[in-house]
Structures are given as C-alpha cells and as structure tokens.
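Take a look at the chain below. We will walk through a few of its parts, one step at a time.

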Amino acid sequence: MEGRTMQQIEYDFVFTDAERDALRAVLTDIATSPYSDFDSYVSDMTRLHRDQRLGSRFTDFCEMSMLRDFAERPLVVIGNAPIDLDLPRFGSADPVQEKYRLKKTFVAEGFLAAYAVLTGTEIIGHLSVNGGDFFHDIYPKESMFDTQSQKTLGTLKFHRDFTNHFVSPDFVNTLTLRDTPTNEVYSTFTVTAHALEELSDTDREILAQRRFYTPFDDVSTREGNLLEGRRAEDHAVLSGDEGARVFEGRTRGLDEEAQQVLDRFVAALHSRKRMRVSKPGDSVTFSNRHVIHGREVHAIHDVEGLKQRWLLKTHNVYTRQAFEEFFLGDRYGVVNG
C-alpha cells in the first residue's frame, strides 16, 4: 500500500487510563439492561450526564465535536474508551442469542449511549438488524459469512449504511471490543467530498440524477425478509444535503453513461480512501451522509480469531421525530424494516 490509500487517521480524543477506569465504574453501576428496557437505560444515562458523572473533558469534547463541518471532517476517532472487562466468546451459528445469554455487563453499550447523550443525537434500531436492538454487533454469523453485510467473514465493499433504505441514519458509531491482530483486516473510509474532487462537473451532474438503482441490503432482505416485497426506488447517487448513496458492486447505473460515471466514482473512492486497524477501546463515529466506508480482508492467518472479531455499533439520528412514520407502533425508535 502506498500514497494516499494508507493515510493515517489520527485520534481526536484519547482517554487517560484514569478517565477510562472512572467512566467504566460509572457505567457498570447502571442496573438497567439496554436490551430489555432501552428507554430506561437512556434515562439513566441522561441522569448521569445531569449529575456530571460522565467526565468533564469527554463531555466538553463531545459537545465541541458536533460543531464541526461534517462535510469536511466527518470522522471522529476516540481511543482508550471503556469496554467490558469480561467479553464472552460466541459461536458462529447465532451469536446474538449467545450475547443475550452470556454478556452480563454493558459497559460498551453504556459508552455508546453516553456518546449519544453528550452529542445530542438519538439512537434508532431497524427491525431487520438483530430484531431491532439499538446496540448491535459487527460479528460474523455463519449463515451470512458470504454476504455483503456487517455479519460477513470477508471483505465488505464500500457503502453507505442503508444505502437506499427509507430510513438511513445520520451517524454510524462503532466501538471495537475484540480485534484479530494476526489477520490483515482494515477498516476503510473515504470522505465523499474528497472523491468528488476526482470527477468532472459533468460526472457530478449525472450522479445527481435519478439514474441509479440499489437493492435493499442483505440483512434487510435475508433476515426474515421484513420488507414485505417493497422495492427500493431508483435514486440519485448524490442528493444535495443527503450526501452520497452508493454500495460498491450493488448500486448500478440504469444506462451505459450512468454506469460509466458510477465506475469512475467508485474508482475515486478507492483512490482517496484511508485505512486503519482498530484495537479494543477504539471508537470511530462518522457522518453517514459524508463518508463511504467498508472493510477489506487482505489476509487471514487465524480464521477462528476472525470469527470472533467484535465491534459494537449504533445508528444515530439528529432527531427521531423525523422518522416517526416508519417506527413500529409498539417500539418507538425501531424502524419497521
């Protein structure tokens, strides 16, 4: 790897060991389960914020980070964040159910919930992802090893989360719990504005036209087919303030010219990508409108270790009220699809 493709992504904030341990202790004290009573869990987190128990330096950083121009600086990287001291290992057949049974503490969930509260964002769920859990896993699942989803064992091509879904989150937040240092697995990120610099004005005009189609993601269509035959609509790749909508290898142009421009855009995404290897306690959050991301598996030296690589993830929006029409009637904040 040479040149721009290996440009380092620096930390924006790093917890001291003392700050990490103090916040872990605070988060461990929350008795409510984030899986069985999410609303009460967030209320507990809001109370901790009100009582100024989430760490003043971290609180100030989160508030300031939301003032940035996300079109130009869409990635926020945090190091040495608190995670659970006891991280159980799951099999590949149904890791989510094993998590419910074996994970007894919720420090990682607490960190992501605290980040939401401190940034003034709200977490949403999708019924098609872990049954609507607000905290879900990037953790390989055997039935989806070969798919283009966060449950794959292999490379996940460049994409925007919920590329052409009727509810696409504003932010994607991830926290690494367990990595696989002997394998060559890289998280990839390209700032959309940087890739567009590689294209002509004419190319950008074509990308802004409804001349493209992306089927719904593998999770939405394979985990119970909850979309009930709904067809994704033809769309523009560039949609003003909504940013870019593309999934490499899945999005296609509806005519030859559109496909050629799309191919140039994907090539530009790769030419301007940055790659990093996250370690436990690394948190990466980014604007889903302004970053196209993926994962590249270059070499596997420990396949069993790769099967237990684990990141926790949330999808956040500026306000849930903007999506109320899509929520389940009995589960506010969970998208029916």
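Start with one pair of residues: isoleucine 124 stands opposite histidine 315, which lies in strand 13. Keep in mind that this is a predicted model. The isoleucine's neighbourhood is strand 3, residues 122-126, which pairs with strand 13 in the antiparallel sense over 3 bridges.

Strand 13 has other partners too. Strand 4, residues 136-138, pairs with strand 13 over 3 bridges, again in the antiparallel sense. Here isoleucine 138 has leucine 311 as its bridge partner. Strand 6, residues 171-178, also runs antiparallel to strand 13, and this pairing spans 7 bridges. Threonine 176 stands opposite leucine 311. Strands of a sheet pair through backbone hydrogen bonds, in either the parallel or the antiparallel sense.

How many residues of strand 13 are buried? The count is 8 of the 8 residues, 310-317, so strand 13 is largely enclosed by the rest of the structure. In a regular strand, side chains alternate between the two faces of the sheet. Now check each face of strand 13. On one side, Trp310, Leu312, Thr314 and Asn316 are all buried. On the other side, Leu311, Lys313, His315 and Val317 are all buried as well. Both faces are covered.

Next, move to another sheet. It is open, and 4 strands form it in the order 5-12-7-10. The pairing is antiparallel. Its edge strands are strand 5 (156-159) and strand 10 (274-276), and each pairs on one side only. From one strand to the next, the twist averages 25°. Zoom in on strand 5: it pairs with strand 12, residues 291-299, over 2 bridges in the antiparallel sense. Histidine 159 stands opposite histidine 293 of strand 12.

Finally, turn to the helices. Two packed helices are described by the angle and the distance between their axes. Helix 3 covers residues 56-65, and helix 5 covers residues 107-119. Their axes come within 8 Å and cross at roughly 55°. That angle is outside the ranges for roughly parallel, perpendicular or antiparallel, so helix 3 is oblique to helix 5. The crossing is right-handed.

Which residues make the contact? Helix 3 brings Phe58, Thr59, Cys62, Glu63 and Ser65. Helix 5 brings Phe111, Tyr115, Leu118 and Thr119. By type, the residues of this contact divide into 5 nonpolar, 3 polar and 1 charged.

Note on methods
Residues are numbered from 1 along each chain as its sequence is written. This is a predicted model: local features need pLDDT of at least 70, side-chain atom pairs count only at pLDDT 80 or more; totals for chains, interfaces and linings use all residues. Side-chain values use heavy atoms; hydrogens and water are left out. Two strands pair if DSSP finds at least two bridges between them. Axes are lines fitted to C-alpha atoms, for helices over the stretch in contact, and angles run from 0 to 180 degrees between N-to-C directions. Angles under 35 degrees count as roughly parallel, over 145 as roughly antiparallel, 65 to 115 as roughly perpendicular and the rest as oblique. A crossing is left-handed if the near helix is turned anticlockwise from the far one by less than a right angle, and right-handed if clockwise. Contact means heavy atoms within 4.5 Å. Ala, Val, Leu, Ile, Met, Phe, Trp, Tyr, Cys and Pro count as nonpolar, Asp, Glu, Lys and Arg as charged, and the others, Gly among them, as polar. Buried means under 20% relative accessible area, exposed over 50%, partly exposed in between (1.4 Å probe, protein chains only).
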